[in-house]
Structure formats: C-alpha cells, structure tokens
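Me: I'd like to go through this model with you and check where the labels come from. Could you set each term against its cut-off as we go?

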Amino acid sequence: MPASDPLLERRRVASPPPTDPQTRAEALSVAARALRAAEHVCVFSGAGISAESGIPTFRDAQSGLWAQFTPQELATPEAFAAHPTRVWQWYAARRAMVRAAQPNPGHQALVTLASRVAHCTLVTQNVDDLHERAGSRDIIGLHGSLMRARCSAGCPGTMVPTDAMALEPPPCPACGALMRPDVVWFGESMPMPAFEAARSAAVACDVFLSIGTSNVVEPAASLPWISATHGATVIVVNPTMEGQRRGPSILPIEGPAGVMLPRLIAEAFAGRRARRHDSGGAAASRGAGAQDPTVDASVDAADESTPPAA
Ligand code: APR
C-alpha cells in the first residue's frame, strides 16, 4: 500500500473521532492522532493565546486610566474622529505593554507544529506580534497590527511608530492627515484578501485548531464551522467551552493554551523530526531535520489538575 494516498489520508483525518472523549487526556490523545495524520493544519488564534503572556483579552475590563472608557470609545472610527489623541494614546499604551511581554509556550508550540506538518496556515485575530516573535512565519492577520500605523485618509503604505508613548498621532508624510493604528475597529470590515486566504485554508485543511477565541465576532467566528462542514476535525483549546459550538467533529480541549498546546504537540509528534520546508519558515530557520526539545518533553497526560488561567 502506498505510504500516503491523499484521499485516504484525508478521509482518515476527517472522519469524526471514533469515540466521544470523556476526559481531557482522551481528547488530547484523539486530537494528537488527528494532528499526526494531517497534511494541512489551519491554526486560528484569538486573544486567549496571549493571556499567559500577560496581555489581557479584549473582553477583560480595561484597567487603570482606561477603565472609564468602553471599547466603543476607544476602538471605533467615530472615537478616533472625535478624540484622536485619546485613541492614539490608548494604542500606544497597548503597544508598550506588548513590547514588554514575551511569547509563551503556547506560541512556541505552534512554531514546532509548523515544523512537523507538511502545510500549516496560521490565522490570527490578534493585533500583538507575539506569534511573529515566537518564530511563526507567513501569518494571516485578520485584524491588523498594533505595531503599524496608516494614514486615516487612506494613503497607501504603513509606518512603524517608533516612539511607543508618543502623545499625538503623527501626520501622514504624504497628505498631512492623521496617522491611525493599522487595526480593524468595530464597524470596519476586515481586509478581504486576508479573510479569503483564511477561508480557503479552513476549507482545505484536515485539522482546524481553534485557540483562545470566544468565536463571537463574525465573519471570523464562522471559520471553525466552515472547516467542520468541509470535513476537518476541529480542535478547540480554551479554559472554558462556554459559548463554543459542539458537534461530532469538534474536539474540546479544556485548559490554558500555554499548558495544553505543548502537551498536544508533544503527544502528536514525540520522536518525529522537523520536516524540510521549501520556504524560510520555522523549520528552516531552526535547521531542517533538527530534533526539537519541546517535542521530546514527556507528556504528563495524567495531570488533569492544572487550573486554567483566569
Ligand atoms: N488559553 C486559551 N484561551 C484563553 C486563555 C488561555 N490561557 N485565557 C482566556 N482564554 C479564552 C477566553 O475563554 C475567551 O474564549 O480566550 C477567549 C478570548 O476571547 P475574546 O476576548 O473575545 O478574544 P477574541 O476571540 O480574540 O476576540 C475576537 O473580537 O473583541 C473583538 O476585535 C476583538 O480581535 C478581537 C475579536
């Protein structure tokens, strides 16, 4: 029998998990098998993956000075038009917080994952740069980046704000209009090329790995279900499954990403070497064929007592 028949492989990966996993250890084991067999994994991350790096999730209350404002007073085109300095300063404060934070083991586990599977697409709703700094490449960012600014009047191109705590939005060098954070605000559409690329990956992948997202903001929230409809196994990693859809091809792994992802990747790829990828991705930068210590770490599948991060 040929080593890998793409159609058979696809059916094997895409078929619903053989048993309804009763425990987290069972869910990890079923998810690990699906990942090991997958040719194409689509990872979809949200704010929860950065929670263990100390970046509050979007739905957490604003703290300190910013607690007095609602998200609509800080993250809408109307807020920027009315109070550009306030909005700019809020983003400057968030940028400074992200620059002081470090990627966590969840981000790092995804770099290992990309080096072990033939094709891995990373789609994120996050505007921090922790995936990039962990070493992930070719990331599809649906909501822009805190680290860039662009012209509020639409001139092409972006700039990197260098003075993290600049008090005022700088003028666009081309037209003099104010520069604004290059993020997608409430009431704005996400960039369609990025969404189309994410949708294509959701349709084509064997395994869709949804991490740390509440799945409430459309159209991104539909991606896991689009993927499930097209036959993928959907793995959901989150400390709470409240609000997450359930279904025969959906595998919930309840727990914080920084703990669960390294366990999952270790269980899936223990002893398997990094693949040689053509493009300069994570595997290439680490040296193709290199053994990754995170993958050989023993998997303590029996430890069910780790408390989820708040
Ligand atoms: N590991 C994994 N998931 C976690 C962790 C953790 N350590 N901590 C929290 N979570 C989960 C929460 O349970 C929640 O489901 O992360 C999710 C964060 O949800 P949101 O704050 O809604 O973030 P996200 O889903 O990325 O939001 C999408 O909506 O609010 C807008 O524009 C904002 O980009 C954001 C978009």
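Me: What makes strand S1 and strand S7 a pair, and in which sense do they run?
Reply: Happy to start there. Strand S1 (residues 40–45) and strand S7 (residues 207–211) share 5 bridges in the parallel sense; two strands pair if DSSP finds at least two bridges between them, so the label fits. Strands here are DSSP runs of E with at least two residues, and helices are runs of H or I with at least four, numbered from the N terminus. Within this pair, Val43 stands opposite Leu209 of S7.

Me: Before going on, how do you treat the numbering and the confidence?
Reply: Residues are numbered from 1 along each chain as its sequence is written. This is a predicted model, where local features need pLDDT of at least 70 and side-chain atom pairs count only at pLDDT 80 or more, while totals for chains, interfaces and linings use all residues.

Me: Why are S3 and S9 said to stand at the edges of the sheet?
Reply: The open sheet has 6 strands in the order S3-S2-S1-S7-S8-S9, with parallel pairing. Strand S3 (140–141) and strand S9 (250–254) each have a single partner strand, so one side of each is left without a neighbour in the sheet.

Me: How do you know that the span of H9 agrees with its length?
Reply: The expected span is 1.5 Å times one less than the number of residues. For the 13 residues of H9 that gives 18 Å, and the end C-alpha atoms are 17 Å apart, which agrees.

Me: What makes H9 mostly covered?
Reply: A residue is buried if 20 or more other C-beta atoms, placed from the backbone, lie within 10 Å of its own (exposed: 12 or fewer; partly exposed: in between). In H9, 13 of its 13 residues are buried.

Me: Which residues touch the most other members of the largest nonpolar core?
Reply: Of its 54 residues, they are Ala31, Val41, Val43, Val207 and Ile253. H9 gives the most to this core, with 9 residues. Such a core is a set of buried Ala, Val, Leu, Ile, Met, Phe, Trp, Tyr and Cys residues joined through C-beta atoms within 7 Å.

Me: Why is the ligand said to lie between two domains?
Reply: Domain 1 (6–52 + 104–143 + 191–296) and domain 2 (57–100 + 144–183) both give residues to the shell around the ligand, so it lies between them. The domain bounds come from an automatic or database domain assignment.
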